[in-house]
Amino acid sequence: MMKKLKLSTTHIIMLSFLVLIMLGAVLLMLPISSASGTSTPFVDALFTATTATCVTGLVVVPTFSAWSTFGHVIILLLIQVGGLGVITVLAAFSMMLHRKMGLSDRLLVQDAFNLDTLAGLGAFVKRVVKGALMVEGVGALLYMTVFVPDFGVRGIWISVFNSISAFCNAGIDIFASDSLCSYATNPVINLVTSLLIVVGGLGFIVWWDVIRIIKGRISGRRIGLKSLTLHSKIVLTTTAVLLVGGGLLFLLLEYNNPLTIKDMSLYNKIQVAFFQSVTTRTAGFMSVPQENLTNASAVLSLILMFIGGSPVGTAGGVKTVTVVAIIASAVASVKNKDSVDLFNRSITRQTVSKAIAVVCMSGFIVVASTLLLSFVTPAASVIDVAFETVSATATVGLSRSLTSTLNDVGKLIIIATMYFGRVGPISLAVALNLRKQNTSIIKNPTEDIRVG
């Protein structure tokens with residue numbers, strides 16, 4: 001008699017995304033999901049379900065015109081569940097039915113968010129869902145001040161869709177084929193979209209930490225930013241540096257580009273440059289065609305996309321904390337220091353090892369998918385292919401107009417890239433988070449090697 005197959009939490013998390021993608025693909029294939037009332041080809045339906053579930057934003061058909069209202073609802077549900085995480089949503093529904101979280105449920109949630117404790121996970125899930133819905137609701141109301149005057153009653157639905165898509169860093173919209181290009185200089189759309197992207201990308205544990213500080217100040221306690229956890233300090237500092245630094249670099253690199261912002265006023269140039277810096281942090285909305293960027297700006301976009309947002313949030317990429325840990329380790333090596341220090345705190349070598357592993361794995365996905373996609377699309381330029389694969393790996397969704405030209409093989413390559421980009425780094429981090437220490441006393445002999 002065969003032994004019962006036991007799946008690890010990592011396998012369950014990966015399978016949960018796969019099942020949701022396949023379910024979404026089947027629903028999107030139905031004639032009712034198509035604007036034309038005909039069945040959608042399986043590869044196109046699978047691509048759309050994957051890009052929505054993995055909150056990427058790359059599309060092979062225009063979302064606003066190819067799908068019916070039913071199709072848009074399916075896509076939005078995939079974005080919401082994929083953004084918060086299948087395990088998170090299932091745990092929330094389970095608690096709504098007054099079912100107590102068991103040990104297996106807690107382990108799943110812990111690994112889904114890569115947390116280091118099993119305590120208070122039920123309350124954590126509730127706060128995540130409530131916080132997400134609250135932010136999305138506020139975002140939708142703010143969007144309505146622009147979209148309702150522009151689209152009438154339909155603007156309400158557009159506002160809700162856009163708010164969820166922006167918060168989940170999906171970058172999919174349902175009102176134009178050129179994303180937010182027609183609103184490139186609209187301050188409300190720029191500000192609301194940017195705030196939703198950044199707030200979603202900061203990570204939920206940073207939310208609670210900042211709220212703790214604010215509550216402490218309101219109650220009269222002498223508590224300042226120094227009381228933030230090391231994780232929050234790294235996330236907030238790195239996010240600010242990347243957003244401001246990226247915005248200034250885009251402004252400099254695109255200032256005299258006639259295809260993007262050359263003919264705009266200084267104020268509008270700053271708006272567009274800053275939004276480009278924000279959206280490359282895995283959001284996928286665009287206010288200027290990406291193929292019109294200078295090569296220097298395209299390379300800068302590749303770097304920002306690969307880094308992405310921060311852990312325990314809706315953003316993709318290798319994450320800010322991961323990159324900072326590696327840089328700090330490199331600095332420590334150059335200074336010949338034994339400890340890796342940040343903000344007067346030391347981080348463990350195990351954390352650095354995990355960070356290196358995540359970056360290496362993401363890099364491997366980028367290289368492999370770039371080679372494969374270059375092979376099946378020989379007419380495409382290398383920078384366009386690299387832009388596409390980095391965007392897919394980091395679940396960004398920006399493209400230099402290559403996605404819609406892909407053949408079925410190219411679409412399948414990007415589908416796999418989006419999926420592994422979404423679950424790969426997470427799964428690797430979970431797999432490396434070993435609960436049992438290696439107690440073996442037998443070790444291989446040590447021998448030095450030359451590096452650099």
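Asp384 is buried in this predicted model, with a relative accessible area of 18%. That value falls under the 20% limit for a buried residue, so Asp384 is classed with the buried residues. Its side chain takes part in a salt bridge with Arg400, where the closest N and O atoms are 2.5 Å apart. The bridge joins distant parts of the chain. Asp384 belongs to helix α16 (residues 382–393), while Arg400 sits in the loop between α16 and α17 (408–432), and 16 residues separate the two. Arg400 is likewise buried, at 9% relative accessibility.

Arg400 has a second partner to consider. It lies over the face of Phe387, at 5.9 Å from the ring centre. Arg400 is thus described both by its salt bridge to Asp384 and by its place over the ring of Phe387. Another arginine is placed over a ring elsewhere: Arg127 lies over the face of Trp208, at 4.2 Å from the ring centre.

Side chains of opposite charge can pair when their charged atoms come close. The count for this model comes to five salt bridges. One of them is formed by Asp209 and Arg212, with 2.6 Å from N to O. Both residues lie in helix α10 (residues 204–218), and they are three residues apart, about one turn of the helix. How buried or exposed are the two partners, Asp209 and Arg212? Asp209 has 6% relative accessibility and counts as buried, whereas Arg212 has 32% and counts as partly exposed.

Helix α10 also holds Ile213. Ile213 counts as buried, because its relative accessibility of 6% is under 20%. From Ile213 to Lys226 the distance in space is 9.6 Å, C-alpha to C-alpha, and the two residues are 13 apart in sequence.

A further salt bridge pairs Lys337 with Asp341, the closest N and O atoms being 3.0 Å apart. Here Lys337 is partly exposed at 36% relative accessibility, and Asp341 is partly exposed at 31%. Both values lie between the limits of 20% and 50%, so neither residue is classed as buried or as exposed. Elsewhere, Asp44, Asp408 and Lys411 are linked in a network of salt bridges.

The aromatic residues come next. A pair of aromatic rings is described by the distance of the centres and the angle of the planes. A search of the whole structure gives 11 aromatic pairs. Why is the pair of Phe147 and Tyr183 edge-to-face? The ring centres are 5.6 Å apart and the planes stand at 90°, so the pair has an edge-to-face arrangement. This pair links distant parts of the chain, 36 residues apart. Phe147 is in helix α7 (residues 121–151), and Tyr183 is in the loop between α8 (154–167) and α9 (187–202). Phe147 is buried, with a relative accessible area of 0%, and Tyr183 is buried too, at 10% relative accessibility.

Tyr183 also pairs with Phe175. These two rings are edge-to-face, with 5.8 Å centre to centre and 85° between the planes. Phe175 counts as buried, with 9% relative accessibility. The pairs reach further than these residues: ring pairs link Tyr143, Phe147, Phe151, Phe175 and Tyr183 into a cluster.

Gln80 is a buried polar residue to follow by its contacts. It is found in helix α4 (residues 69–84), and its relative accessibility is 14%, so it counts as buried. Which residues does Gln80 touch, not counting those up to four places away in sequence? They are Leu133, Glu136, Ile164 and Cys168. Among these contacts, Leu133 and Glu136 have numbers within the span of helix α7 (residues 121–151).

The surface has a nonpolar patch formed by Leu15, Leu18, Met22 and Phe42. Together these residues have about 320 Å² of accessible area. Which helix gives the most to the nonpolar patch? Helix α1 (residues 9–29) does, with three residues. Phe42 has its place in helix α2 (residues 42–53). At 37% relative accessibility, Phe42 counts as partly exposed.

How values were computed:
Residues numbered from 1 in each chain as written. Predicted model: local features only at pLDDT ≥ 70, side-chain atom pairs only at ≥ 80, totals over all residues. Heavy atoms only, no water. Helix = DSSP H or I, 4+ residues; strand = E, 2+ residues; numbered from the N terminus. Buried < 20%, exposed > 50% of the residue type's maximum accessible area, 1.4 Å probe, protein only. Contact = heavy atoms within 4.5 Å. Phe/Tyr/Trp six-rings, centres within 6.5 Å; stacked < 30°, edge-to-face > 60°. Lys NZ or Arg CZ within 6 Å of the ring centre and 35° of its normal. Salt bridge = Lys/Arg side-chain N within 4 Å of Asp/Glu carboxyl O. Patch = residues over 30% accessible without salt bridge, like charges linked within 9 Å, V, L, I, M, F, W, Y side chains within 5 Å. Areas by Shrake-Rupley, 256 points an atom, 1.4 Å probe, with all protein chains shown as cover.
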